[in-house]
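Here is a walk through one protein model, element by element. Keep the sequence and the 3D view side by side as you read.

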Amino acid sequence: MAPGLLCGKNATSDVTTVKDANERIAELEAKVAELEEISRLGGAGFSGESAEMKEGSLMGFLRKVNHVSRICADAEKSKEFYSDLLGATVLNRPNFPSPGYWLWLGNVQLHLIQGENASVEASHADGVATGNVNHISFETYDFDAVEAQCKALGVSYTKNLVPEGNDVIHQLFLSDPDGHYIEICDCDRFSDFVFGLTPDEAEAKKLAAEYLEGADLLGTTVAAIAALSFTPGETPGIDTQDEFDQSMTNLHRAFKLIAGPDGHIQVDEWTQFLNRMGHETTPEEVASIVAQYDQDASGTLDFPEFAKMMLPRMTPHQDLKKSFSIIDRDDDGKVTKDELLLMLWGTGKRMDQTQLAEAIESADSNGDGHIDLEEFTSLMQDKFNCR
């Protein structure tokens, strides 16, 4: 075959390859443009009309949330709050009789409607926590930066820390001019959990409890008692402080959290307590420990039996170090407010932001805002009289 013919064949092949590549690039660019348009309009929403219909419902008919409405006393003032402070974009709005604005919040519209009933629409029951009322929530790129900016601008807010799974959500709650609550949070850190992006059930369970890997059930219980040692308060069910010395008092606080109304720790009660703490265990495993310390063979533990079991583990040796590591979830050698909060919520103890700060400060001898192993050990020695 002549060299020229061979070159011509290769040239034709090269042209075809380039043409295919250009067509593929054009397809991808069109897809990107389509996705950008979908994103600009707030996301894809529910599955389309081809989705399987569910009898007795509107599934398959609805696409996505279009807007949220807020009744306001002064549309101009509310628009300034949402656009100037929160960065909402003003959209085009039909010429309705009532004054108002349509705003873009990033993935959904907010419709502000001026009305005389604004105070009624924005009212909240007295004494209800900020997270338990109607509100709109914004994700943030940097929670700490948002809080710092609110402080710099003199914006009033309430801060909440809420344990979720194996971590803590940070929330700021603001009020718009009419009293509607606005939340700013780092909730997006839990998207994998919320949307179930870990399809393997065993892997998901492992991720949820991995901070307790290698900890035995007594170690977890010691960690719970240690966490309670940070908190003030009288022992539940004890009339006078003189009824127990300090070490027995702190142990009894933990005992009352686990024990039932009969004053004994049942196997199922202790199992539930440990599982709530994130330590996956079985009634059979718990029963084997109970049997070792159940002197009256009742199948339960009373307080003297519980104290005899736990006191040897409240001393500054390896067991206490393991308990510290259970509370210190990221294993960086210090306990933070978030880590203490997670452990306390596991025990059923609730503390607000101020109480948490006071709890850390009470044991933070070097004033760095955290509790290291030495400070933790010192606290336990003071609380349980063990040197």
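Begin at a turn in the backbone. Just after helix α2, G87 takes a positive phi of about 85°. The model is a predicted one.

Now step back into the helix itself. Helix α2 covers residues 75–85. Its buried residues are A75, S78, K79, F81, Y82 and S83. At the N-terminal end of α2, D74 acts as the cap. A side-chain oxygen of D74 lies 3.1 Å from the backbone nitrogen of E76.

Next comes a sheet. Four strands build it, and it is open. Read across, the order is β1-β4-β3-β2, with mixed pairing. Two strands sit at the edges: β1, residues 67–72, and β2, residues 89–90. Each of these edge strands pairs on one side only.

Cross the sheet from the β1 edge. Strand β1 runs parallel to β4, which spans residues 109–114. Six bridges join this pair. Within it, V68 stands opposite L110 of β4. C72 is also worth finding, the last residue in the range given for β1. How much of C72 is accessible? Its relative accessible area is 1%, so C72 is buried.

Move on from β4 to β3. These two strands pair in the antiparallel sense, over five bridges. L110 in β4 appears again here, this time opposite L103. The two strands form a hairpin with four residues between them. In that hairpin, G106 takes a positive phi near 110°.

Strand β3 spans residues 100–104 and is mostly covered. How many of its five residues are buried? Five of the five are. The cover extends to both faces of β3. On one side lie G100, W102 and W104, and on the other Y101 and L103.

The far edge is β2. Strands β2 and β3 pair in the antiparallel sense, over two bridges. T89 is found in β2. Which residue of β3 is its bridge partner? T89 is matched with W104. The C-alpha atom of T89 is also separated by 5.4 Å from that of L103, although the two residues are 14 apart along the chain. Is T89 buried or partly exposed? Its relative accessibility is 43%, so T89 counts as partly exposed.

Now leave this sheet and look at another pair of strands. Strands β5 and β8 run parallel, joined by five bridges. In this pair, F138 stands opposite I184 of β8. Strand β8 covers residues 181–185 and is mostly covered, with five of its five residues buried. Both of its faces are covered. Y181, E183 and C185 are on one side, while I182 and I184 are on the other.

C185 leads to a covalent link. A disulfide is a covalent bond between the sulfur atoms of two cysteines. Here the count comes to one disulfide. C185 and C187 form it, with their sulfur atoms 2.0 Å apart. The angle about the S-S bond is -130°, and the link is left-handed. How do the two partners stand in terms of cover? C185 has a relative accessibility of 1%, so C185 counts as buried. C187 has 24%, so C187 counts as partly exposed. The cut-off behind these labels is 20%: buried means under that value.

F138 leads to the last stop, the largest pocket. About 1000 Å³ of space lies in this pocket. It is lined by 30 residues. Which of them lie nearest its centre? They are L105, S137, F138, E139 and T140. Three elements give two or more residues to the lining: β5 (135–139), α4 (143–153) and α5 (191–194). Helix α4 gives the most, with five residues. By class, the lining has 20 nonpolar, seven polar and three charged residues.

One more cysteine closes the tour. At position 150, C150 has a relative accessibility of 7%, so C150 counts as buried.

Technical notes. Residues numbered from 1 in each chain as written. Predicted model: local features only at pLDDT ≥ 70, side-chain atom pairs only at ≥ 80, totals over all residues. Heavy atoms only, no water. Buried < 20%, exposed > 50% of the residue type's maximum accessible area, 1.4 Å probe, protein only. Polar contact = N/O pair within 3.5 Å; in protein donor to acceptor, adjacent residues only side chain to side chain. Pairing = 2+ DSSP bridges. 1 Å grid on protein atoms, 1.4 Å probe; cavity = no way out; pocket = protein on both sides within 12 Å on 5 of 7 lines; lining within 4 Å. Points joined across faces, edges and corners; volume = space filled by probe spheres on them. Nonpolar A, V, L, I, M, F, W, Y, C, P; charged D, E, K, R; others polar. Disulfide = S-S within 2.5 Å.
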